[in-house]
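Dear colleague,

I am handing over the structure we spoke about, and I would ask you to keep it open beside this message while you read. What was found in it follows below.

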Amino acid sequence: MSIGEHLSNLKRSVEAEVENPQTDWTAGVQWKGDEGSVTTKPIVGNTPPEWHDILRVWDLDPDKFMVVEPVLFNAWDGLGKDGTTVRLRQWKGRVVRRDRSSADVAELISEIKKHKPRKPRQITGEGALIVALSDWQIAKPDGDGTAGTVTRILNSIDAVSERIAELRKLKRPIDEVVVLWCGDAIEGTVGHYATQAFGAELDRRDQIKVARRLLRDALIKWSKDVSSVRVLAVGGNHGENRNSGGKAWTTLGDNDDVAIVEQVAEVFAANPEAYGHVKFIIPDDSLTVTTKVAKWVLGLTHGHLAKSSGTAEQKARRWFESMAAQRQPIGASDVIVTGHFHHFRMADWGKATWIQAPSMEGGSEWFRLSKGEQSATGILTFAMYPSRKVADLQVV
């Protein structure tokens, strides 16, 4: 029996036996598991509802759901808008999902059975390994102090060379290392927090000396692994030349972070025969820098420019969006790397990918005791190829 025939028979019996039924039917949808019911609002007249339209009213797609027998209704007399007596009906039907899955599943299973694993696709074109050196804060006393930080950095320098060898075994076309000097290489001595002057384990000169020699040794080692090395540097907040009131008081370029790289660059420039393939990109008076890597634009900033409220990502994204809106060079980055926030994060922002580099210092006792958190240390590495802007990411 069709729904229409069933409704016709049911309609006659109800009208003959019930003049004004009392019902607790509530208009809407009730769903339990794989089926449910739909109840209409009171409808004037004897014509059964168009169930396609009723389903849509309750946000059920008629292509996916259907009303099946038994379909019930209640009928009673009520007042119309003009005050005349009208016949009202409320319809209630059982709703089930349309059974379209069997054929689709069988087809999918057949396709799965026929699938033959393909050979791994080879990445072609010139690729580069990006190595982000961030937030060493040499002389910070927290955790295992300066000695622990130096040990971690030395181990990670070796780990980067090992990573290059691993990628080559995977037939990755790595023949360049792009080193990102993300800032806060040294702790500084005053102006960042109240106990800094008391806690710093080295004075400013020795902090710079240790950081400079670590960077120098890292570049010497990696320069033997590849035919090209590029170093990009930006200043961080701990490298600022601050007065006793804790304020940076000279220029944006007057920063120990970039001064360290400038000193190392002069050392390498003195021996062009051995280190002519090591190049440096050092901004004079800017806190951002960009370069092209494997056709992509790679951008670097320390991260302390992002001063809005929210999480590290929210701060970085709002700042990046403002740079893009004003057509600043950093705003055109395909990949943007930041430091400053001392933990690893990565986010896909659509056209741009944001990567937050972890730190190497021994942690923060204040942060651990106030927030209960301590982030893992390490050096961020990832590869860039013409066909992939971020690949083979690993913190070593």
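R230 and E176 are both buried, and in this predicted model the two form a salt bridge in which the closest N and O atoms are 2.7 Å apart. The pair links distant parts of the chain, since R230 belongs to strand β8 (residues 228-233) while E176 belongs to strand β7 (residues 174-181), with their positions 54 residues apart in the numbering. If you would like to find the others yourself, the count for the structure comes to 16 salt bridges.

Another of these contacts is the salt bridge between E166 and R163, where the closest N and O atoms lie 3.1 Å apart. Both residues sit in helix α4 (residues 145-169), and they are three residues apart, which is about one turn of the helix. Are these two residues buried or exposed to some degree? R163 counts as buried because its relative accessibility is 9%, and the limit for that word is under 20%. E166, by contrast, has a relative accessibility of 39% and therefore counts as partly exposed.

There is also a salt bridge between the side chains of D217 and R216, with a distance of 3.0 Å from N to O. Here D217 is partly exposed, because its relative accessibility is 36%, and R216 is likewise partly exposed, with a relative accessible area of 32%.

Please turn next to the strands β1 and β2. Strand β1 (residues 28-32) pairs with strand β2 (residues 35-39) in the antiparallel sense, and the pairing runs over five bridges. Within this arrangement V29 has V38, in β2, as its bridge partner. The two strands form a hairpin with two residues between them, and in that hairpin G33 takes a positive phi near 70 degrees.

Finally, I would draw your attention to the surface. Which residues make a nonpolar patch there? The answer is F344, M346 and V395, which together make a nonpolar surface patch of about 230 Å². V395 is placed in strand β16 (residues 388-395), and it counts as partly exposed because its relative accessible area is 34%, a value that falls between the 20% limit for buried and the 50% limit for exposed.

With kind regards

Note on methods
Residues numbered from 1 in each chain as written. Predicted model: local features only at pLDDT ≥ 70, side-chain atom pairs only at ≥ 80, totals over all residues. Heavy atoms only, no water. Salt bridge = Lys/Arg side-chain N within 4 Å of Asp/Glu carboxyl O. Helix = DSSP H or I, 4+ residues; strand = E, 2+ residues; numbered from the N terminus. Buried < 20%, exposed > 50% of the residue type's maximum accessible area, 1.4 Å probe, protein only. Pairing = 2+ DSSP bridges. Patch = residues over 30% accessible without salt bridge, like charges linked within 9 Å, V, L, I, M, F, W, Y side chains within 5 Å. Areas by Shrake-Rupley, 256 points an atom, 1.4 Å probe, with all protein chains shown as cover.
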